[in-house]
Amino acid sequence: SSSSSSSSKSSSSESEPGTAGAAAEDAARAAREAAGKFTSWASGAASRAREASGGKIPPLPPRASSAMQTIANAFKEEYRLAMMDPGDAAEERRKQRPGYVAPGPMEEGDGTTAVAVRTQTKSTFAKGWEAIATKTGLTSVFSKLQGLKRTPAYQKTEDALEDLRERWETSENPMVHKIQDSVDGFFQETEQGEAYRAIRARAPTFNINDFLAEVRRDVPKILGAYLKGDVDALAMTNVSNEMMERMSGQMRAWEAEQKFVDPRVLHLGDVELVETRMMEGAPLVVTQFQCQQINCVRDASGVIVEGAEDDIQAVHYLWAMQLVDKELVAADGRKYVAPTWVLREMMLRGMMAVAA
C-alpha cells in the first residue's frame, strides 16, 4: 500500500515537461531504474552462486563487499541530488569536487595559516523601478558596458582609423574579410579570457553551468523578497550594496503609496549567458531570463488598483552578477571575507501579456 501511495503521489506532482523539475524527475527515474537493474543482477548472481555451491554461499571477500557498498552509496547519492533543486545540486557537486575549500574565518594562534579560499503601458512595477533608479542617481552597469565605447581614448582611436576602416570594409577581397573576422574574434576572446582568468584565480571550482543553475535557484528568493517589500529577507540574499539601496528605495516608495504588488513568480525559464567581462576590476557575468508574473497591484484595503488577478505577464530580465569579496558570518559568530557572486544590476527589458 505504501508503494501505491508513493507512486500516486509522484504522479500527481509531476513537473511541466521541459522544466528543471522535469529534468530532475527524469534523472531520479534513471537512477531508480539503474538501481533496480543492479539489484536484479545481484540477486541473479547470488542465486547462481547458491546453486553452484549446493545451497551454501561463501562470504564475499572484503574488497568485493566494499566495492558493492561503494556502488550502492553512489546510486543513493545520485538519487538524492536528482531530487534536489538543480541549483542546490550544483552547489553540492561543487563542494564535493577535489580541492574544494569551504570558506570560513582564518584560524589563529599556533603560527599556521589557513586561507579561505512588446511595447505597452508601463506597469506600477516597471514605472517604479525606473523612477527609483533615476532618483538614486546610481549608474547602471549596462550603461557602463556601452559607455566604455564612448571614452575619449576609444573615440580618438576610432577617428584615427576611420579612413583605414572604410577601405578595409569596402574591400572586395574575401581574404580581407576573413582576416577582419579573425581579428575581431581575437580581441573579443581576449576580453572574455581576462574575466575567466580572474574568476578561476578567485574561484577555482567555478563551472558556468553550475553557476547558471545557482542563479536560477536564487531568482525567486530575490524577486519574491523585493516584490513583497521584505527588506530583511532581501538583505539575506546575495545582492550588492548598490542594488540593495536601489531596491530598498523602491520598496519604501510602494509602502508610502500604500501599493502592494503581487509577489508570485508563476514560471521561471532557463537562465542564459549573455556576456562575461571585467567591470571595475572584478569579473562580471551578464545573464538573461524570462519569468511569468501577475500584474496585480492592490491598495491597503485589498482593492485592485491596477491589473487583475489573471493578468499574467511574461517579464524579460537582464541580471549582471559580479564576483566580489563579501563579509560573511560563520556559525560561531566570527566574521570573514570570501569571494561571492552578488547581483550587481538588474534591468527590466520588457513585459508582454501572456494569452490565456
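Helices and strands here are DSSP runs, numbered from the N terminus.

**Figure 1. The whole chain, with its twelve helices and six strands.** Let's start with the overall picture of this predicted model. The protein chain counts 356 residues, and 30% of them are buried. Its accessible surface comes to about 22100 Å², with 54% belonging to carbon and sulfur atoms.

**Figure 2. Helix α10 meets helix α12.** Here we zoom in on residues 208-228 (α10) and residues 241-256 (α12), whose axes come within 9 Å and cross at roughly 35 degrees. On the α10 side, look for Ile 222, Ala 225, Tyr 226 and Leu 227; α12 contributes Met 247, Gln 250, Met 251 and Trp 254. By class, this contact holds seven nonpolar residues, one polar and no charged.

**Figure 3. Gln 258, in the loop between α12 and β1.** Most residues other than glycine have a negative phi. Gln 258 has a positive one, near 55 degrees. The loop that holds Gln 258 leads to β1 at residues 260-261. With a relative accessible area of 35%, Gln 258 is partly exposed.

**Figure 4. Glu 280, in the loop between β3 and β4.** Glu 280 is a non-glycine residue with a positive phi, near 55 degrees. Its loop joins β3 (272-279) to β4 (282-298). Glu 280 counts as exposed because its relative accessibility is 52%, and the cut-off is over 50%.

**Figure 5. Two buried cysteines, Cys 291 and Cys 296.** The relative accessible area of Cys 291 is 0%, and that of Cys 296 is 1%. Both values are under 20%, so both residues count as buried. As for disulfides, the count in this model is zero.

Notes: Residues are numbered from 1 along each chain as its sequence is written. This is a predicted model: local features need pLDDT of at least 70, side-chain atom pairs count only at pLDDT 80 or more; totals for chains, interfaces and linings use all residues. Side-chain values use heavy atoms; hydrogens and water are left out. Helices (H or I, at least four residues) and strands (E, at least two) are DSSP runs, numbered from the N terminus. Buried means under 20% relative accessible area, exposed over 50%, partly exposed in between (1.4 Å probe, protein chains only). Accessible areas come from the Shrake-Rupley method with a 1.4 Å probe; for residues, only the protein chains shown count as cover. A disulfide is a pair of cysteine sulfur atoms within 2.5 Å. Axes are lines fitted to C-alpha atoms, for helices over the stretch in contact, and angles run from 0 to 180 degrees between N-to-C directions. Contact means heavy atoms within 4.5 Å. Ala, Val, Leu, Ile, Met, Phe, Trp, Tyr, Cys and Pro count as nonpolar, Asp, Glu, Lys and Arg as charged, and the others, Gly among them, as polar.
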